[in-house]
Amino acid sequence: MRSEWPLTERVDVLVVGAGPTGLAVARETAASGLTTLVIERQKEIAEHVRTSGMTATSTVHRLGAPGDTYHSLETLRIVAPAAVAAFSARAGAGFCVLDVRRFYRWLGFKAAGAGARIMCGMSFRDVLRDGDAVAGCVAESRDRGRFEIGARITVDAGGHRAQVSKRARLHPGFKRFGVGAEYELAAPHTDQREAVLVVGERYAPSGYAWSFPWGGNRVRLGVGLHHADVRDDPKERLARLFQMQAALDLGLAGAAITEYHYGLIPAESIAPRFAGDGILAVGDAAGHASLVVGEGIRISLLAGEMAAESIVGAMRRGVALTSFEQRFRHEFGRELRIGARLNRRLAAPSTDAQWNRRVELLRTMPPELVFDLLQSRVRPWEVLRWLARRPTRLVRARALTKAAVARR
């Protein structure tokens, strides 16, 4: 079924969304010789920032990202109303905070260098079909109006809205979201080596708050809540956090707000289906984020690369696109199920006393186990080894470890 709009583009691979996942797909498919087009509704890549940018240092090292695209951290402090736990990161094994615009645009530069075309200011409007298969999309821009883009394979990398997937009837979309509000601050007195997570009823019921420095006296201060669990406004919680930051020793005296960010991330399990006839969904459009602290960039980038391999296999060797879904579920399904269970526990109503006990328990863990927990990368034997050092921890840790050792 064709639409009434003129066909002005025809490509092998159409990627909807120029976030990190879409750009990872585009880089790999273009490098393999497939004509690849990326359309992005924003006027430029990362025009609006919708992520805190915290990710594992190993992610940027694996990609070979330039040093000016991220800021490495040395310590993580987790603060409850009456308990504090601090952890030092080993070299290369901790976290960093991205310069989001610079990092995303570097990914765009790499994709374009591989041969992909990137068209910004271009919005998705509908899918094209050839029988039951998706055959591209109808796009719209201010200067060109509406037009068709024909594609042998279409990739939904458009984020939490999953518009392409829903229009293609690939999956129904999401209902539960993590909602984040964030200030970008010029903060001359913040310790640029330390990231801080804050839990408790005052600042982030059904979620957490954060203070993430990212170099050059810059800090991202934010609050994330789960809107299926509470109806609090994260903007109000963020304003309160900023006003009372001195009580948390965040070093934000004299800080000035330079930007405001707001974003959503699906807070459910993986989409029930994300590979179909002529279409794939990746990243947030498929629920591919790790949900313990919302650190989705690492898995989304890997998902993009994995999706590109399946696309190349489909185009060159007739491999079914469903191979991507099967492989992703095999490699990351358990990890993301753990993250979803821990996320539900994190979002459950908790008193400050409960948060205090949890942070006291975290304080007994080795740093590498804590960093793995934050990425849902929990290895049961590491948990058991930690418990074996003091068997009485078993009872106290039962709620935290039940999801971590759960089998399929």
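1. A quick word on terms before the histidine: here, contact means heavy atoms within 4.5 Å. Bear in mind too that this is a predicted model. With that in hand, look at histidine 261: leaving aside its neighbours within four places in sequence, it is in contact with Val49, Gly180, Ala181, Glu182, Glu184 and Arg220.

2. Where does histidine 261 lie? You'll find histidine 261 in strand β16, which covers residues 256–266. Is histidine 261 buried or exposed? Its relative accessible area is 3%, and buried means under 20%, so histidine 261 counts as buried.

3. Two glutamates deserve a look while you're there. The side chain of histidine 261 makes a polar contact with the side chain of glutamate 182, at 2.7 Å. There is also a polar contact between the side chains of histidine 261 and glutamate 259, this one at 2.9 Å.

4. On to the rings. How many aromatic pairs are there? The count comes to 11. Take phenylalanine 103 and tyrosine 104: their ring centres are 6.3 Å apart and their planes sit at 55°, so the pair is tilted. Phenylalanine 103 and tyrosine 104 are both buried.

5. Tyrosine 208 and tryptophan 210 make another pair to check. Their ring centres are 5.7 Å apart with the planes at 50°, so this pair is tilted. Tyrosine 208 and tryptophan 210 are both buried. If you're colouring rings, pick out Phe274, Phe324, Phe328 and Phe332 as well, since they form one aromatic cluster.

6. Which rings have an arginine over them? Phenylalanine 147 is one: the charged end of arginine 144 sits over its ring, 4.1 Å from the centre. Tryptophan 355 is another, with the charged end of arginine 358 over its ring at 4.8 Å from the centre.

7. Now the nonpolar cores. The largest has 69 residues. Inside it, the residues with the most contacts are Leu14, Ile39, Phe103, Ile149, Ile311 and Phe328. Two of those names should ring a bell: Phe103 belongs to the tilted pair with tyrosine 104, and Phe328 to the aromatic cluster.

8. Which helix gives the largest share of this core? Helix α6, residues 297–317, supplies nine residues. Apart from the largest core lies another, of 30 residues, including Ile78, Ala85, Tyr208 and Phe212. Tyr208 there is the partner of tryptophan 210 in the tilted pair above.

Terms used:
Residues are numbered from 1 along each chain as its sequence is written. This is a predicted model: local features need pLDDT of at least 70, side-chain atom pairs count only at pLDDT 80 or more; totals for chains, interfaces and linings use all residues. Side-chain values use heavy atoms; hydrogens and water are left out. Rings of Phe, Tyr and Trp (its six-membered ring) pair if their centres lie within 6.5 Å; planes under 30 degrees apart count as stacked, over 60 as edge-to-face and the rest as tilted. Buried means under 20% relative accessible area, exposed over 50%, partly exposed in between (1.4 Å probe, protein chains only). A charge sits over a ring if NZ of Lys or CZ of Arg is within 6 Å of the ring centre and within 35 degrees of the ring normal. A nonpolar core is a set of buried Ala, Val, Leu, Ile, Met, Phe, Trp, Tyr and Cys residues joined through side-chain atoms within 4.5 Å. Helices (H or I, at least four residues) and strands (E, at least two) are DSSP runs, numbered from the N terminus. A polar contact is a pair of N or O atoms within 3.5 Å; within protein, one must be able to donate a hydrogen and the other to accept it, and residues adjacent in sequence count only if both atoms are side-chain atoms.
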